[in-house]
Amino acid sequence: MQLFILATAAALLAGAIWRTWAAVRPSQPPPEDEPPALRPEETAAAAERLGEAIDLLREVMDHPQLGGPGSLTVQFPQQLYAGSFPTVTAQFPNINEALYRRAVRRELEQGELVEAGVPERLFGHNPSFSAEGGGVVLVSAEVYGLAPSLEKQLADRRGRSAALTALAEALRQRYPELSVRSFGADLLLSPLREADRG
């Protein structure tokens, strides 16, 4: 009989503990809302902002001494934090190696670069210059003024794909001579091959 009373008391105690734990345990957070879809005017404004940096970098790539044929990559921050901006990077072989030698030697004084042919407006995008082997130069420019809703969507794993697709289409319309495609979490712009132009 004592064993029965002890078992009943243990069962009641276990039930009370479980009810108390269920009452105080943190509830599951509600699922996050899907980021709102981009409005067409936001996409067009973002393509315009990105296009400012792209155009300036293409001027460097087209320069007979500083440039060479290559590609451009648009990269977006994986997380939003103060001081993080999308960047556009031009990667190209510096045919005459003038810019390559400057980048290797860190001879990147703004006035001298402007005198050599780098567009002065590029310096409003906090450019950085670096060199890879084989005479390849990388010039990166920051992009400012994207809509906060777009930046939020690009920083969200679920919203990023839709935002990249919309931006790629807007940039294709702006640059019909370039191939624009998503590459992972970035956009890659490169000259269309002759076979693709028809």
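## A starting point: the loop before α3

Glu97 sits in the loop that links β2 to α3. Its phi is near 65°, a positive value in a residue other than glycine. Most residues other than glycine have a negative phi. With a relative accessibility of 36%, Glu97 counts as partly exposed, because that class lies between the buried limit of 20% and the exposed limit of 50%. Please keep in mind while you look around that this is a predicted model.

Past the other end of α3 there is a residue to set beside Glu97. Arg106 belongs to the loop between α3 and α4 (110-116), and its phi, near 60°, is again a positive value in a residue other than glycine. Arg106 has 58% relative accessibility and so counts as exposed. Between these two loops, helix α3 (residues 98-105) lies across β2, β3 and β4 and runs at about 95° to β3.

## The whole chain

Now step back to the full view. The protein chain holds seven helices and six strands. Followed along the sequence, they come in the pattern α-α-β-β-α-α-β-β-α-α-β-β-α.

The chain has 198 residues, and 38% of them count as buried. About 12,200 Å² of the protein chain is exposed, with 56% of that supplied by carbon and sulfur atoms. Among contacts with a separation of 6 or more, 61% are between residues 24 or more positions apart.

## The six-stranded sheet

In what order do the six strands of the open sheet stand? The order is β3-β4-β2-β1-β6-β5, and the pairing is antiparallel. At the edges are β3 (128-131) and β5 (178-183), each of which pairs on one side only. From one strand to the next, the twist averages 20°. As for how such strands hold on to each other, strands of a sheet pair through backbone hydrogen bonds.

You can walk across the sheet from the β3 edge. Four bridges join β3 to β4 in antiparallel fashion, and Ser128 stands opposite Ser140 in β4. These two strands form a hairpin with four residues between them, and Gly134 in the turn has a positive phi of about 75°.

## Across the middle strands

Next comes β2, joined to strand β4 (residues 136-142) by seven bridges, with the two running antiparallel. Ser140 turns up again here, since Thr89 stands opposite Ser140 in β4. Strand β2 (residues 87-93) is mostly covered, with five of its seven residues buried.

On the other side of β2 is strand β1 (residues 71-75), which runs antiparallel to β2 and is joined to it by five bridges. One of the pairs to look for is Val74 with its bridge partner Val88 in β2. Three bridges then connect β1 to strand β6 (residues 186-191), again antiparallel. Here Leu72 has Leu189 as its bridge partner in β6.

## Around β6 and β5

Ser190 is found in strand β6. Is Ser190 buried or exposed? Its relative accessibility is 16%, which is under the 20% limit, so Ser190 counts as buried. Apart from neighbours within four places in sequence, Ser190 is in contact with Ser71, Leu178, Ser179 and Arg181.

Pro176 lies in the loop between α6 (157-174) and β5. At 57% relative accessibility, over the 50% limit, Pro176 counts as exposed. Pro176 and Leu192 are 16 residues apart in sequence, while their C-alpha atoms are 8.6 Å apart in space.

## Helix α2, with a kink

Finally, have a look at helix α2, which covers residues 40-62. How far apart are its end C-alpha atoms? They are 31 Å apart, which agrees with the 33 Å that 23 residues should span at 1.5 Å a residue. There is also a kink of about 25° in α2, centred on Gly51.

Gly51 is one of the buried residues of the helix. Others in that group include Glu42, Thr43, Leu50, Ile54, Leu57, Val60 and Met61.

Note on methods:
Residues numbered from 1 in each chain as written. Predicted model: local features only at pLDDT ≥ 70, side-chain atom pairs only at ≥ 80, totals over all residues. Heavy atoms only, no water. Expected span 1.5 Å × (residues − 1). Bend = angle between axes of the 7 residues up to and from the residue. Buried < 20%, exposed > 50% of the residue type's maximum accessible area, 1.4 Å probe, protein only. Pairing = 2+ DSSP bridges. Axes fitted to C-alpha atoms, helices over the stretch in contact; angles between N-to-C directions. Contact = heavy atoms within 4.5 Å. Areas by Shrake-Rupley, 256 points an atom, 1.4 Å probe, with all protein chains shown as cover.
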